[in-house]
Number of protein chains: 2
Amino acid sequence: MRASDRAYGSLRADILEWRLPPGTLLAEVEQASRLGISRTPLREALSRLVAEGLTAAHSGRGVVVTAVSLAGVADLFEVRLPLECAAARLAAARGDRAAFDALAERFEAAGALISSGGTDQHAYYGLVAELDAAIDEAAANPYLVQAQRQLRTHLVRARRLARDNPDRLLASAGEHRQIAEAVARGNPELAAAAVTIHLSNSLHHLQASVPGPLDA
Amino acid sequence: MRASDRAYGSLRADILEWRLPPGTLLAEVEQASRLGISRTPLREALSRLVAEGLTAAHSGRGVVVTAVSLAGVADLFEVRLPLECAAARLAAARGDRAAFDALAERFEAAGALISSGGTDQHAYYGLVAELDAAIDEAAANPYLVQAQRQLRTHLVRARRLARDNPDRLLASAGEHRQIAEAVARGNPELAAAAVTIHLSNSLHHLQASVPGPLDA
DNA sequence: TCGGACCTTTCTGTATACATAGGTCGGCCT
DNA sequence: AGGCCGACCTATGTATACAGAAAGGTCCGA
């Protein structure tokens, strides 16, 4: 694997998991030495992060990790809604029934697990990512996948704005089960409706759980 | 301006205008010498093109200009439809009436110009780009703008698959006028409907005017 | 004491040099 | 004659050196 790929992955993970919080200045020489590589592959990694919108070029000073604001999250969901609906519609029309039936069952099991208190948040988000990946694969549209990938990247950071409580996680599992079931049934409009409900609730939860503007 | 920016803009324009047709191999040393710059800024430009999907990294051989196929165009429109509709809805809800009224009038004038035979295709596409830009500005959503920018880049190349005839251009001008008017009226659903009609006709024209699979 | 200008420092942007990997061409073996 | 192996060569990936520019600090003057 190339050094620039490793640097990109490492920096991206650090930003997504808030080890590099918003506002952090990423100087080239500093990061290059930290990652044990030269400036050339590091610059390529930074370029990719800037293109993704995770960092912004602060002219003459290097790149800084971009802020995550409530207003930005609202914008994000404004675009996510039509895209996720489109993806769900396509997946319902083209997808494999068995795969989404299986996912629906796993979300039901996850809901039961959450109710019983054995909340493994990380594993749950992994399951959500699996559903997203299954929908992407079923939709079979590279442009859609690329656009979704960009948005989901920012979503991961936005999640940290809100503290996930078990109640919301339980509701989320139910909503995801609804989506998977609708896709499994091959009903595009039902799938789009389920996605609309989920995103609406998800955004509302995010906005309600953040008291003030907490952008860094 | 940075040398990498110039290289990026130059290569991007060359690809979009088919001076570098699909399948062209872009070798680093060759392009660097052609553009009169070093390999370092050229590599940054190529990275951006790969991220945009205009070129693909052919491992060990450099990057090649990606193909444009009819199937790809269909995928493109599958994503454009929900995004452009969402943008039109937001613009109708938030936009400035006067600006879109003015654009509607200009599309009417453009239609008259096309009817009279004075077809300036380049100027017309410039006007379309102005409407797109106005909608983007009115929608005021950076995530939406970025996603649209990616798709429109590919659209520009796809246009070359079909030969634009004056009849289609005239119809297109009318459809764009409808969009601008709907946005000016502040009617989101009307605007989305107008966008749906335009994209549907646009895709149909593209598919009808390409007899066989002409991907390069 | 405050403001402005100059200087220094450090950063980015670019070029070039070097190593390695992959591709191609030719020869040899079957 | 066809296929396989090896060597050479070219192009990419990385490192480093250098120049230009911008930001911050400091010093001088009002």
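Sorted by class, the surface near DNA strand C in this predicted model comes out as six charged, five nonpolar and four polar residues. Both protein chains have a hand in it: chain A brings helix H2 (28-35) and helix H3 (39-52), chain B brings helix H1 (3-16) and helix H3 (39-52), and each of these helices supplies at least two residues. The largest share goes to H3(B), with three residues.

As for who gets nearest, there are 15 residues around DNA strand C, and the ones that come nearest are A:Arg39, B:Ala3, B:Ser38, B:Thr40 and B:Arg61. On the DNA side, 58% of the strand C atoms that come within 4 Å of the protein belong to sugar and phosphate.

The individual contacts add some detail. Two of them go from protein backbone to phosphate: a backbone N or O atom of B:Ala3 sits 2.4 Å from a phosphate oxygen of DNA strand C, and for B:Ser38 the distance from a backbone N or O atom to a phosphate oxygen of that strand is 2.8 Å. B:Thr40 goes for a base instead, with an N or O atom of its side chain 3.0 Å from a base nitrogen of DNA strand C.

Turning to a loop of chain A, A:Ser116 is found between helix H5 (97-115) and helix H6 (121-139). A:Ser116 counts as exposed because its relative accessible area is 58%, and the cut-off for that label is over 50%. A polar atom of the A:Ser116 side chain also lies 2.8 Å from the backbone oxygen of A:Leu113.

Conventions: Residues numbered from 1 in each chain as written. Chains lettered and ligands numbered in written order. Predicted model: local features only at pLDDT ≥ 70, side-chain atom pairs only at ≥ 80, totals over all residues. Heavy atoms only, no water. Near = heavy atom within 4 Å. Polar contact = N/O pair within 3.5 Å; in protein donor to acceptor, adjacent residues only side chain to side chain. Helix = DSSP H or I, 4+ residues; strand = E, 2+ residues; numbered from the N terminus. Nonpolar A, V, L, I, M, F, W, Y, C, P; charged D, E, K, R; others polar. Buried < 20%, exposed > 50% of the residue type's maximum accessible area, 1.4 Å probe, protein only.
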